[in-house]
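Here are a few notes to go with the model, jotted down for someone meeting it for the first time. Have a look at the picture, then read on.

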Amino acid sequence: MNTGKELADRDNFAFGISLAGSIMAIALVLTGAIENQTAFTLSRELVGITIYGLIGLLLIQIGRWIHDKLILAELDKTEEIRQRNVSVALVDAAASVSTAIVIRAVLKWVHGFDGYALLGIITGFVVAQALLLFITRLREYYYRRDNQGASLQQALQLFQIPLAIRHGGEMISTALVISSASRFVPYRPESLVVNFLGWLLFSLFAMILLNLLVEIAKRVILHGIDRCREVDRQQNTGVASLEAAISIGIAFCLTALMG
């Protein structure tokens, strides 16, 4: 899509939201590439930043492709955004930022630049994509259960923005706690299996803890409110925003404690 035409001529808010998510993702990845470098010369540091930055940008594109073709396979994201579907754009932006959060953590986790470092980066990326897929399928299951078999992806096609806000918050909070694995799982250059299992097991533990704490916090803060009815059926943006804020806030607290 043509950026100038979509933003200025068509006033396509959805395109702007999706593009904003991509820009934020790029910035996050580049900070990871910069913070990774400990070279003794400026030239070597610039080379390292460039290489890691390019790898990070490539992984963002791969992550977006996975999200479009596998995680939200029922949607034609490009067409939905062209049709000014803000709900799809919000989910797309959240997916980009979530992927970038984990890539940033992985770039900081590995040391040096060789084949082992590349495998380490791919390990963290694969675990993150698998768990983002899992959290999306879990949310779809809950939505079907609570709405007589209705489809979450079809609801997003119907411009239900509150669903996108809540789901986006869940994806970003999940990515935040997954990224904490970089502080707990030792980087072992020659042990791909250990690295993979370490990231997977820690991420699963962190996700379970996150969801438990988020559910407790929502029950306390939103006491007396039927969240399913308000968000799923009445499209209450305020309640959805509070749910997203609670998820991300708890995730920030957990990452701080884990750090």
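**Notes on the fold and two loop residues**

1. Let's start in a loop: Q235 sits between helix 11 (227–233) and helix 12 (237–258). Its phi is near 50°, which is a positive value in a residue other than glycine. Q235 counts as partly exposed because its relative accessible area is 39%, between the 20% and 50% cut-offs. Bear in mind that this is a predicted model.

2. R84 is another residue to look at. This one is not a glycine either, yet R84 has a positive phi of about 65°. You'll find R84 in the loop between helix 4 (77–82) and helix 5 (86–109). With a relative accessibility of 37%, R84 is partly exposed too.

3. Now the whole chain. How many helices and strands does the chain have? There are 12 helices and zero strands, so reading from the N terminus you just get α over and over.

4. On overall dimensions, the C-alpha atoms fill a box of roughly 60 × 45 × 25 Å along the principal axes. The radius of gyration is 19 Å, which agrees with the value near 18 Å for a compact globule of 259 residues.

5. As for packing, 48% of the 259 residues count as buried. Among contacts with a separation of 6 or more, 75% are between residues 24 or more positions apart.

6. Last, the surface and the charges. The accessible surface comes to about 12600 Å², and 65% of that belongs to carbon and sulfur atoms. The chain carries 22 positive and 21 negative side chains, with the centres of the two sets 3 Å apart.

How values were computed: Residues numbered from 1 in each chain as written. Predicted model: local features only at pLDDT ≥ 70, side-chain atom pairs only at ≥ 80, totals over all residues. Heavy atoms only, no water. Helix = DSSP H or I, 4+ residues; strand = E, 2+ residues; numbered from the N terminus. Rg over C-alpha atoms; globule rule 2.2 N^0.38 Å. Buried < 20%, exposed > 50% of the residue type's maximum accessible area, 1.4 Å probe, protein only. Contact = heavy atoms within 4.5 Å. Areas by Shrake-Rupley, 256 points an atom, 1.4 Å probe, with all protein chains shown as cover. Lys, Arg positive; Asp, Glu negative; His and termini not counted. Charge placed at Lys NZ, Arg CZ, Asp CG, Glu CD.
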